[in-house]
Amino acid sequence: MKIKNAKAFKILNSNSNFTVQVNITSDAGVFKGSSPAGESVSAFEVTPFKEGLDQEISAFNDFLKKIENRQLSGLDDIYALEKEIPKEFVGGPSLSLSYAMVYALSHELNKEPYSLFGSKNTVLPISKMLGGGMHASNLGMDIQEILAVTLGDDIKESVDGTLSVYKQLKELLKNSTYSFVGGVDPEGGFVTGLDNYESLKMVKKAIEKVVEKTGKDIRLGIDMAASTFFKDGVYVYKRPIYGKKEVSSGEQIDLIKKLIDEFDLYFIEDPVDESLLEDYGKILSLTDNLVVGDDATATVTERLEKAKGKINAALIKPNQVGLLYKVKEFSDKADKMGIIKVASHRSEETRTTLLSDLAVGLGAKYLKVGINRGERVDKINRLLEICQV
Ligand code: PEP
Ligand code: MG
């Protein structure tokens, strides 16, 4: 297909901040891409926008004029074009363009977007139950995310199990003495006044109730996003978990060990500061479950290489690098290293569902995505669509 015209413009993301959409016009129609952003970001990821968004979009539109009449026949053409994108646009603008190009190519080849990246495989959603940290404006628990995942080989059964936990949790919260009024954070996790420990207990209880009823294999996870409260070498808890407000690096590892033992944590994301890879390794030595890099690895292949032997799973957030060829490199490296891949939404999303296609095509085992809020549900629904048609 030939790009007749490409245009970038401003739209809102799900957290009411502006982002960029790119529309590509070809003889076959108009194809759209838009990029997410994160509230809690890694020092190792690219920034979505470099200067003022309006200036950047205007300059990006000048670049887009240069790609008029470009022919795209396969993913390699998209990757080659990405390598020509000036550095200042790598982030939100580049990813929006790449997503639009993937949709245009998929239409041209009459292939589902996921199949451009690989074959159909089972991806299970891992979803937020309770939100804290920056996602709850630092007003709630320190742990950024308490998650649930229903294991198995059937996406429908998995969604059903995790949704049951979410609904059960809502019932428990409604009937508790805490002032829960039904609010959710940007990723669809409930926000409450419960502290870290009470929150974990509440989600554990919800899981146990659903497991008792259904017999499903449902597990608890956390994203500690520990970098967000690591200040001058100390983890500073607003709501102490096991008694201490200021926790040293060594004590943080002990604290995580206690949490793993008490809550049988299956998924442990960024339990320590993103720069302290050795500490990730110490936690990995304590468990057979998933020790997951997000802020530590930031979808950057060199970071993944450095994390060898320190983590056994990593998030893939395409906007952390802004270019699909880099996402593919990261994914291939993870496969070589035996790292479990977890595609992930961001806290500030758009309605594009290409993330779900990437998760399926690249062979991710999980998709971290909310089970509430339209822009998240769209992505789960895309997984359900892919597995049922
Ligand atoms: C995360 O930290 O895993 C996350 C999805 O949040 P954000 O997009 O704010 O980084
Ligand atoms: Mg994270």
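Let's start with A225: its relative accessibility is 0%, so A225 counts as buried. Keep in mind as we go that this is a predicted model. A225 sits in the loop that runs between β6 (218-223) and β7 (230-231). Its backbone is worth a look too, since A225 has a positive phi of about 45° although it isn't a glycine.

There's another residue to check on a Ramachandran plot. D264, also a residue other than glycine, has a positive phi, near 50°. You'll find D264 in the loop between α7 (249-263) and β10.

From β10 we can move on to the metal. Which residues coordinate the magnesium ion (ligand 2)? The coordinating residues are D223 (OD), E269 (OE) and D294 (OD), at 2.0 to 2.2 Å. Read along the chain, these donors follow the spacing D-x45-E-x24-D. Take E269 and D294 as a pair: they link distant parts of the chain, 25 residues apart, with E269 in strand β10 (residues 267-269) and D294 in the loop between β11 (290-293) and α9 (301-306). Both E269 and D294 are buried.

Now for the other ligand. Ligand 1 is surrounded by 16 residues, and the closest are S40, H135, R346, S347 and K368. Sorted by character, that shell has one nonpolar residue, six polar ones and nine charged ones. Why does ligand 1 lie between domain 1 and domain 2? Because domain 1 (5-111) and domain 2 (124-388) both give residues to the shell around it.

If you're setting up contacts for ligand 1, here are three that involve its oxygen atoms. H135 places a polar side-chain atom 2.8 Å from a ligand 1 oxygen. With E39 the backbone takes part: one of its N or O atoms lies 2.9 Å from an oxygen atom of ligand 1. For E187, a polar side-chain atom is 3.4 Å from an oxygen atom of the ligand. As for cover, ligand 1 on its own has 290 Å² of accessible area, and the protein covers 100% of that.

One last stop is Y197, which is found in helix α6 (residues 196-214). Is Y197 buried or partly exposed? Its relative accessibility is 24%, and buried would mean under 20%, so Y197 counts as partly exposed. Y197 also has a partner to look at in P240: the two are 43 residues apart in sequence, and their C-alpha atoms are 8.4 Å apart in space.

Note on methods:
Residues numbered from 1 in each chain as written. Chains lettered and ligands numbered in written order. Predicted model: local features only at pLDDT ≥ 70, side-chain atom pairs only at ≥ 80, totals over all residues. Heavy atoms only, no water. Near = heavy atom within 4 Å. Polar contact = N/O pair within 3.5 Å; in protein donor to acceptor, adjacent residues only side chain to side chain. Areas by Shrake-Rupley, 256 points an atom, 1.4 Å probe, with all protein chains shown as cover. Nonpolar A, V, L, I, M, F, W, Y, C, P; charged D, E, K, R; others polar. Domains from an automatic or database assignment. Donors = N, O, S within 2.8 Å, 3.2 Å for Na, K, Ca; no water. Helix = DSSP H or I, 4+ residues; strand = E, 2+ residues; numbered from the N terminus. Buried < 20%, exposed > 50% of the residue type's maximum accessible area, 1.4 Å probe, protein only.
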